[in-house]
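Biologist: I am new to this structure and would like to learn how to read its features one at a time. Could we look at it together?

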Amino acid sequence: MNAIVALCHFCELHGPRTLFCTEVLHSPLPQGAGSGDISGQSEQAEEEEGGIQMSSRIRSHSPAEGASADSSSPGPKKSDMCEASGEICGCRSLAGGHPGYVSHDKETSIKYVSHQHPNHPQLFSIVRQACVRSLSCEVCPGREGPIFFGDEQHGFVFSHTFFIKDSLARGFQRWYSIITIMMDRIYLINSWPFLLGKIRGIIDELQGKALKVFEAEQFGCPQRAQRMNTAFTPFLHQRNGNAARSLTSLTNDENLWACLHTSFAWLLKACGSRLTEKLLEGAPTEDTLVQMEKLADLKEESEGWDGSEEEEKPSSQPDVVEGQELSKSSPETSLVPDCNSWNVAHRRLSVFRSLRHMRQVLGASAFRMLAWHVLMGNQVIWKAQDVDLVQSAFDVLRTMLPIGCVRIIPYSEQYEEAYRCNFLGLSPHVQIPPHILASEFAVLVEVRAATRSSLYPTLFDDEQSLNKYEFLVTSGSPVAADRVGPTILNKIEAALTNQNLSVDVVDQCLVCLKEEWMNKVKVLFKFTKVDSRPKEDTQKLLSILGAAEEDNVKLLKFWMTGLSKTYKSHLMSTVRSPTSSECRN
């Protein structure tokens with residue numbers, strides 16, 4: 001995150017001053033920031049926290065070196081700083097010549113550098129102005145709390161002002177602020193809750209340490225009674241310079257600045273990684289909306305289920321899952337290690353892997369008949385002994401339909417009616433009613449033992465298991481070879497037969513085709529169900545959409561059942577609202 005975090009202090013003599021700041025460097029460290037001083041420096045107290053390696057680089061400077069460093073620094077002159085005998089004063093954080101603290105983020109190769117002032121003159125000016133505003137004009141009610149201000153030229157600032165107890169200060173307290181500066185206003189506003197919580201934690205820790213020191217000093221030498229006795233003596237002349245104490249003295253913490261550096265560096269890293277940009281490719285698709293609705297329904301049902309009712313549920317009634325498969329298991333099976341699921345996945349590699357693979361196994365004519373029934377919404381029945389084979393077939397075939405149109409019973413010991421499922425897996429001994437076998441609205445795929453060793457060319461080693469089966473596809477309404485069929489079926493077959501397209505590319509083509517025809521379904525739904533247009537206008541619309549053929553019309557009507565409830569309710573409420581009615585009239 002490109003930002004600067006700074007600790008500011010309101011000095012009684014010089015006004016607002018920057019005490020300590022941490023900035024992010026994406027390039028090699030500039031001279032004077034800790035890496036430029038190579039000769040004679042030693043790295044001490046190196047430690048790692050959260051992937052950030054902290055280095056406190058300290059070296060001894062002569063008075064001349066310290067003076068030259070101060071004169072070249074963009075910060076305030078030495079004459080402008082408070083002076084205290086024998087210690088760092090309230091306007092300074094680090095001693096003269098201290099190169100600061102540097103943390104290296106090994107994951108991103110970013111350095112977090114802390115010192116009293118930024119080395120870059122422009123950054124120094126921005127931080128200086130933000131410091132003055134945070135401790136003068138930009139103050140929240142009560143003078144203690146968070147506030148936001150800034151502009152495009154000087155950056156935007158999140159400021160949190162607070163008081164630190166000091167027994168020698170006017171009013172027994174000193175005024176500080178922690179500010180976060182960045183140029184991205186939206187990012188800073190979105191980070192408000194995060195920054196408020198973390199900065200408030202840092203402030204609480206500082207105030208807690210200072211309060212302990214204040215109470216100890218007041219217990220040893222109460223200042224309130226002493227000041228009452230010298231009420232008519234000018235206060236500034238009574239301080240003798242001892243009131244301008246540093247924050248390390250107020251908190252009695254010699255490692256205060258190293259701790260603040262660690263906290264500020266972590267704050268910059270965490271705040272930068274908690275919000276990431278995500279590319280949105282448009283409105284949610286119908287499949288996404290349907291999936292969200294199904295998950296919400298399952299969550300609601302699971303919350304309402306009672307343990308006893310779940311045990312009393314008849315096991316003979318198979319589960320119908322719309323848009324996904326659901327297999328129920330006993331509590332004992334849920335404790336089986338994940339290796340079993342890996343074995344199932346490994347076994348499924350030897351069955352149907354894609355639509356192209358299934359077309360090669362079944363043959364072009366049988367696959368076309370099966371795909372036609374799938375797209376039309378007719379019931380697809382698979383009879384096989386191998387449950388994994390049936391489930392893999394359904395996993396492949398369902399990719400041709402919107403999720404809202406998929407209702408699967410993976411495997412059952414009895415026939416289920418078409419209104420309950422359009423994909424049904426049956427055991428080989430299950431008897432199917434004769435009227436279903438003769439119906440034009442159903443297709444049956446029987447998996448039998450092969451009569452010869454190989455029925456089709458083996459392309460991969462894991463296809464050996466399919467060589468022991470033969471697949472018989474029958475229906476009461478077989479698709480004629482010269483039948484045009486729905487447009488989307490012809491495009492799917494063209495993609496499957498094109499060997500220049502990989503399986504992944506074919507999958508993306510399938511997604512695009514489904515989105516194209518779902519958009520036509522939406523137009524037809526609004527035209528017929530919402531606006532209630534006459535049949536003549538509907539035929540004209542179908543011609544415009546390129547779906548006037550009988551198979552295309554049947555497909556659109558079936559796919560209309562896969563529209564999400566969210567889309568339908570939104571469309572109904574929008575069209576039937578008074579404002580929309582007035583606009584139409």
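Biologist: How many residues of strand β2 are buried?

Modeller: Please keep in mind that this is a predicted model, in which local features need pLDDT of at least 70 and side-chain atom pairs count only at pLDDT 80 or more, while totals for chains, interfaces and linings use all residues. Residues are numbered from 1 along each chain as its sequence is written, and side-chain values use heavy atoms, with hydrogens and water left out. Buried means under 20% relative accessible area, exposed over 50%, and partly exposed in between, with a 1.4 Å probe and protein chains only. Strands (E, at least two residues) and helices (H or I, at least four) are DSSP runs numbered from the N terminus. In β2, residues 15–25, 11 of 11 residues are buried.

Biologist: Which strand pairs with β2 over 8 bridges?

Modeller: Two strands pair if DSSP finds at least two bridges between them. Strand β1, residues 4–11, pairs with β2 in the antiparallel sense, and the two form a hairpin with 3 residues between them. Within this pairing, C8 stands opposite T18. Strand β6, residues 110–115, also runs antiparallel to β2, joined by 5 bridges, and there E23 stands opposite V113.

Biologist: How many disulfides does the structure hold?

Modeller: A disulfide is a pair of cysteine sulfur atoms within 2.5 Å, and the structure holds 0 of them. For C131, the nearest cysteine sulfur, that of C8, is 3.5 Å away. C131 is buried, with a relative accessible area of 0%.
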